[in-house]
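Please walk through the model displayed here with attention to how its strands are paired and which side chains hold company across them.

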Amino acid sequence: MSSNLTFYRYFFLCITTLFLNFVNCHAQENQFGNWTGWFNNVKFNNRWGMNNDIQFRGGRNWNSNSLLLIRPGVNYYIANHQTASVGYATTLVTNELNTGQRRLTEHRIWEQYLINDKIFNIFLQHRFRFEQRFLKRPDETIFSQRIRYFIRGIIPLVTPINERFTNGMFCSLQNELFFNVQNKGALNGSFFDQNRAYASIGYRFSPKYDLEIGYMNQFILRRSPQANLSTHIAQIAFYTRL
């Protein structure tokens with residue numbers, strides 16, 4: 001049993017490391033960022049609940065390339081480990097842009113399907129999200145659709161395999177792929193849009209509260225290979241389940 005658990009831990013670590021090496025080799029431009037997020041889920045009864053996340057994303061400092069993401073949604077619990085959701089998201093630019101600089105303001109409608117699973121004491125989440133995007137530019141509004149696949153694993157560092165993980169240290173590994181499925185010509189001209197790989201160390205204060213700090217690599221594909229972007233992000237995230 002312990003050997004299998006060790007295998008899965010090394011598997012997640014190796015996959016993340018390999019991907020980070022890949023994107024760093026293919027990205028022509030490197031930037032740095034700081035993200036802070038609050039991810040909240042509230043369960044009203046056995047069938048209905050809500051979710052919301054609020055994220056502040058900044059560049060190397062909080063005064064550059066900053067935006068606020070607000071994303072509320074409604075949950076429908078299909079089964080103990082399956083949840084369907086629908087919601088709305090918007091991004092708001094919070095810093096003053098230089099003259100002539102173009103920045104997208106975006107509104108989204110989204111639908112998603114979550115599957116929660118467990119392998120030994122690794123808690124896994126798969127998320128499939130479909131987005132209808134309205135991207136507002138200075139002279140036009142573009143409509144596009146995108147699909148996203150997200151996988152996240154939480155590995156308790158001190159809790160035995162056969163015990164419930166209610167508090168203590170953990171590490172998390174996650175990856176998310178983005179694909180343009182409509183009007184890609186108005187974006188980067190490609191089916192593949194971006195990838196976000198993330199690793200963190202966190203602490204679970206109770207079954208309701210997690211705090212973690214980690215590193216994310218966001219790789220964005222652009223029309224020209226010379227313009228591909230790799231952003232190195234320090235992130236602090238707070239998770240609540242009420």
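**Rings, charges and paired strands**

Phenylalanine 170 has a relative accessibility of 0% and therefore counts as buried. This value, like every other one below, belongs to a predicted model. The ring of phenylalanine 170 forms an aromatic pair with that of phenylalanine 165, with 6.1 Å from centre to centre and 75° between the planes, an arrangement classed as edge-to-face. Phenylalanine 165 is buried as well, its relative accessible area being 5%. A pair of aromatic rings is described by the distance of the centres and the angle of the planes, and it is on these two quantities that the following pair can be read too.

The count of aromatic pairs comes to 11. One of them joins phenylalanine 128 and tyrosine 149, whose ring centres are 5.2 Å apart and whose planes make an angle of 40°, so that the pair is classed as tilted. Because phenylalanine 128 lies in strand S6 and tyrosine 149 in strand S7, this pair ties together parts that are 21 residues apart in sequence. Phenylalanine 128 is partly exposed, with a relative accessible area of 38%, and tyrosine 149 likewise counts as partly exposed, at 25% relative accessibility. Elsewhere, ring pairs link Phe179, Phe191, Phe192 and Phe219 into a cluster.

The backbone gives the setting for the tilted pair. Phenylalanine 128 stands opposite tyrosine 149 in S7, and the strands S6 and S7 pair in the antiparallel sense over 15 bridges. These two strands form a hairpin with 2 residues between them. On the other side of the sequence, strand S5, which covers residues 105–119, pairs with S6 in the antiparallel sense, again over 15 bridges, and in this pairing glutamate 106 stands opposite leucine 135 in S6. S5 and S6 also form a hairpin with 2 residues between them, and phenylalanine 120 in the turn has a positive phi of about 55°. As a general point, in a regular strand the side chains alternate between the two faces of the sheet.

Charged side chains add a further set of links, and the count of salt bridges comes to 13. Among them is the one in which the side chains of arginine 71 and aspartate 53 meet, with an N to O distance of 3.1 Å. Arginine 71 lies in strand S3 (residues 67–79) and aspartate 53 in strand S2 (residues 48–58), so this salt bridge ties together parts that are 18 residues apart in sequence. Both ends lie away from the surface by the accessibility criterion: arginine 71 is buried, with a relative accessible area of 5%, and aspartate 53 counts as buried at 7% relative accessibility.

A salt bridge also connects the side chains of arginine 146 and glutamate 131, at 2.9 Å from N to O. This pair links distant parts of the chain, since arginine 146 is in strand S7 (residues 140–156) and glutamate 131 in strand S6 (residues 122–137), 15 residues apart. Arginine 146 and glutamate 131 are both buried. In a further salt bridge, glutamate 212 and arginine 152 have their closest N and O atoms 2.8 Å apart. Here the linked parts of the chain are strand S10, which holds glutamate 212, and strand S7, which holds arginine 152, at a separation of 60 residues. Both of these residues are buried. Salt bridges that share partners join Glu106, Arg108, Arg127, Glu131, Arg133, Arg146, Arg148, Glu176 and Asp193 into one network.

Some of the arginines sit over aromatic rings. Arginine 127, a member of the network just described, lies over the face of phenylalanine 150, at 4.2 Å from the ring centre. Arginine 57 lies over the face of tryptophan 35, with 4.1 Å to the ring centre.

The strand that holds glutamate 212 also contains tyrosine 209, for S10 covers residues 209–220. Is tyrosine 209 buried, partly exposed or exposed? At 33% relative accessibility, tyrosine 209 counts as partly exposed. The C-alpha atoms of tyrosine 209 and phenylalanine 238 are 7.5 Å apart in space, although the two residues are 29 residues apart in sequence. Once its neighbours within four places in sequence are set aside, tyrosine 209 is in contact with Tyr203, Arg204, Phe238, Tyr239, Thr240, Arg241 and Leu242.

Notes: Residues are numbered from 1 along each chain as its sequence is written. This is a predicted model: local features need pLDDT of at least 70, side-chain atom pairs count only at pLDDT 80 or more; totals for chains, interfaces and linings use all residues. Side-chain values use heavy atoms; hydrogens and water are left out. Helices (H or I, at least four residues) and strands (E, at least two) are DSSP runs, numbered from the N terminus. Buried means under 20% relative accessible area, exposed over 50%, partly exposed in between (1.4 Å probe, protein chains only). Contact means heavy atoms within 4.5 Å. A salt bridge is a side-chain nitrogen of Lys or Arg within 4 Å of a carboxyl oxygen of Asp or Glu. Two strands pair if DSSP finds at least two bridges between them. Rings of Phe, Tyr and Trp (its six-membered ring) pair if their centres lie within 6.5 Å; planes under 30 degrees apart count as stacked, over 60 as edge-to-face and the rest as tilted. A charge sits over a ring if NZ of Lys or CZ of Arg is within 6 Å of the ring centre and within 35 degrees of the ring normal.
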